[in-house]
Amino acid sequence: YSATLGALGGTPPYTWSINGALPDGLALIPATGVISGIPTKKGNYNFTAQVSDNATPSNTDTQQLSIRIAEN
């Protein structure tokens, strides 16, 4: 699995974080917003992605997201 989170506006570079749980086997790279890996369990996973920019003070935004793993 691989997906890239995106942001528009603000002052790059961006820093990404996750509140909640990604599926087991997936991880976020904070500097790029890439979520990747090999999921190990079926299920629906809800989480919040947050992005912060490099402005002073930084601007942040959040978005509720979900990933559904249908097959092991």
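Reader: What stands opposite Ser52 in β6?

Author: In this predicted model, Thr60 is the residue of β6 that stands opposite Ser52.

Reader: How do you know that β5 and β6 pair?

Author: Two strands count as paired if there are at least two bridges between them. Strand β5 (residues 43–52) and β6 have 10 bridges, so they pass that cut-off, and the pairing is antiparallel.

Reader: Why is one side of β2 and of β6 left without a neighbour in the sheet?

Author: Look at the order, β2-β5-β6, in an open sheet of three strands. β2 (15–20) and β6 (60–69) stand at the edges with a single partner strand each, so one side of each has no neighbour there. From one strand to the next, the twist averages 30°.

Reader: And what makes β3 and β4 a pair?

Author: Again, at least two bridges are needed. Four bridges join β3 to strand β4 (residues 34–37), and they run antiparallel, so the pair qualifies. One of the partners to look for is Gly37 in β4, bridged to Leu26.

Reader: Why is the set with Leu5 and Trp16 called a nonpolar core?

Author: Because a nonpolar core is made of buried residues such as Leu, Ile and Trp, joined through side-chain atoms within 4.5 Å. The largest one here has 13 residues, and Leu5, Trp16, Leu22, Leu28, Ile35 and Ile67 have the most contacts inside it. β3 (26–29), β5 and β6 each supply at least two of the core's residues, with the largest share, four residues, coming from β5.

Reader: Which residues does Leu22 touch, leaving out those up to four places away in sequence?

Author: Leu22 touches Ala27, Leu28, Ile35, Tyr45, Phe47 and Ile67.

Technical notes. Residues are numbered from 1 along each chain as its sequence is written. This is a predicted model: local features need pLDDT of at least 70, side-chain atom pairs count only at pLDDT 80 or more; totals for chains, interfaces and linings use all residues. Side-chain values use heavy atoms; hydrogens and water are left out. Axes are lines fitted to C-alpha atoms, for helices over the stretch in contact, and angles run from 0 to 180 degrees between N-to-C directions. Buried means under 20% relative accessible area, exposed over 50%, partly exposed in between (1.4 Å probe, protein chains only). Contact means heavy atoms within 4.5 Å.
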